[in-house]
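Trainee: I have a model open and want to work through its charged pairs and its packing. Can we take it step by step?

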Amino acid sequence: MAGRINDDDVKAVRDAVPIDAVVSEYLQLRNAGGGNLKGLCPFHDEKSPSFQVSPSKGLFHCFGCQEGGDTIAFVMKIDHLSFSETVERLAAKAGITLRYEEGGYNPGHQRGERIRLIEAHKAAAEYYAGQLGSPEAEIGRKFLAERGFDQTAAEHFGVGYSPAGWDHLTRFLRGKGFSDKELILSGLSQDGRRGPIDRFRGRLMWPIKDVGGEIVGFGARKLRDDDNGPKYLNTPETPIYKKSQVLYGIDLAKKDIAKISRAVVVEGYTDVMACHLAGVTTAIATCGTAFGGDHIKILRRLLMDNGSARVIFTFDGDAAGQKAALRAFEDDQKFAAETYIAIAPDGMDPCELRLAKGDEAVAELVQPRTPLFEFALRQIVTRYDLETPAGRAAALDEAAPIVAKIKNIASQHEVAVQLAGMLGILDTQFVVRRVAQIARWQRQGGERGPSRQQPQRTYDTPAPAAAPSGPALNLRSPAHRTERELLKLALQRPELVSPAFDAYGVDEFTAPPYAAVRQCIQDAGGATGAPSDYLDAVREAAPNDSVRALVTELAVETIFAKTVDEAYAGDQLVTVRLRAVDRRIRDVQGTLARLGANGDPERLAAVQNELWVLTQYGQSLRNNGAAAL
């Protein structure tokens, strides 16, 4: 039986390792006031940080799930370690030599399973790294050199080489005191006819670390034509390695991800290396699996989902890359961060791009370009003939259910409006309602949709208006923030926005709940000359309790401006109107593109005239501000 760790040594470990330093290895912490720090809890899903750390007390507590304790309790919980395993790990970090009581304890043989497997991987990584300089590994060094990686780069990322023999690593680790059972359990060895043999043979090796910096697995790249295995071979699922829960490069990228609130998701080990060497030090990659929910949880804790957070996906421009982008889009709404996609010219990956055009091209590639939702939807709609009503209807049938999966109602509405523009459907509200209808069907228990026997509606005639409604929202979009400010002014200071506000259409408010409030103000008689019972009348006009609650919320919420005057009100009026004009211009441009040079001359002339009028109006708003309303 293992001996008990000396109590004084446990206290020394607890005092020597600051709790904020340990917790910061797993999530981003920010000032919470009073000397405390806060972050997104790693023990349950949450959108607002309720997890707090007190460095002065050496304690943590989550006000959401009630988990709490000291540094040792945190590591035990997050890494699923025993008490002694945790103390041993923290002691190693602090350089403290532990004493064991009750006699007969041999740490080399009696440590917990996780510690032993971690140690085996650390020894294997050192062995592989040493082998990279061997004559046999010339093919591996050549592979790296051809991709722009020198010896310094290989050392920085811990790249190594696994000899082509059957059991070189197995014999090496046996000599270090590891049992055959531990080697099989670790995934470093596998059963052979006469005992354990090496799992990885004759391959270039990348150590894969968890967010705490421990090596938990390897990625192995095929080098020789006579190797009949897959191009990339990863560690199998083990007690310490779950491919859906690891991100290659996270140990190197986590501090900068937290610092600048940006993460770049690439597809392979060499892409991570290329990005980091090019100065994009927030690059990470999945390990032999698609980017999924568990990966999102890791990034969310580091990004802390603030409004400026960005996640940029780089995928190959081929069919597989497009498929990966669509899969990522399905998880897009799990981020509060904005998500984008970057595809290099000629479909090159970051490693190829660095070789062809240098570090600056890689840094330029990952600047946010195309929103992920826009790319994903364009991959769908480009498969259809959008010049025909049937083609637009079919594209809508495929794209609308995807947009409907977006849980945030405001984001769903915004993407639906943009989908209408992509399809060239003039009646944007029809698309918005279609998406909302499918979303309701999905929430009610299935993917069912409208019957195929229902007649197709043409998209050149408006549908009857429907009163929009929805819950109160906390929106990050600049457009929605401006709409919210304008509604607060219309409710709290109606004299500042009248009479211009009353000429605004309901459809100029792109979030359904805000459109609903605009409708209430209109139904209550408008903001011009508002009587003393104006707010009561607006609340009474609300179609349901959700909209009524939002009216109340907007009526009491602080207006953001330091000085609330006509100039500020005019800015909000102009911004909302200008965005509505720009949306309509995009719609008309889509229609013009659909009509083409051979379209009906009268229809073409009417559309061109509308575009000219809108463009002139938009320019006047930009030049003259509120005077142009």
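Trainee: Is R354 buried or exposed?
Mentor: This is a predicted model, so take the value as computed. The relative accessible area of R354 is 18%. The cut-off for burial is under 20%. R354 is therefore buried.

Trainee: Which residue meets R354 in a salt bridge?
Mentor: The closest approach, N to O, is 2.9 Å. The partner is partly exposed, at 33% relative accessible area. That partner is D359.

Trainee: How many residues apart in sequence are D397 and R434?
Mentor: Their side chains form a salt bridge, 2.4 Å from N to O. Both residues are buried. D397 sits in helix α18 and R434 in helix α20, so the bridge ties together parts of the chain separated in sequence by 37 residues.

Trainee: Which residue forms a salt bridge with D9?
Mentor: D9 is buried, at 6% relative accessible area. It belongs to helix α1, and its partner lies in the loop between α4 and β7, 90 residues apart. The partner is partly exposed, at 46%. The closest N and O atoms are 2.9 Å apart, and the partner is R99.

Trainee: Within what arc do the buried residues of α1 fall?
Mentor: D9, V10 and V13 are the buried ones. They line one face of the helix, because seen down its axis they fall within an arc of 105°.

Trainee: Which helix gives the most to the largest nonpolar core?
Mentor: That core has 48 residues. F51, F74, I250 and L299 have the most contacts inside it. Five residues come from the top contributor, helix α13.

How values were computed
Residues are numbered from 1 along each chain as its sequence is written. This is a predicted model: local features need pLDDT of at least 70, side-chain atom pairs count only at pLDDT 80 or more; totals for chains, interfaces and linings use all residues. Side-chain values use heavy atoms; hydrogens and water are left out. Buried means under 20% relative accessible area, exposed over 50%, partly exposed in between (1.4 Å probe, protein chains only). Helices (H or I, at least four residues) and strands (E, at least two) are DSSP runs, numbered from the N terminus. The arc is that of the directions from the helix axis to the C-beta atoms. A nonpolar core is a set of buried Ala, Val, Leu, Ile, Met, Phe, Trp, Tyr and Cys residues joined through side-chain atoms within 4.5 Å. A salt bridge is a side-chain nitrogen of Lys or Arg within 4 Å of a carboxyl oxygen of Asp or Glu.
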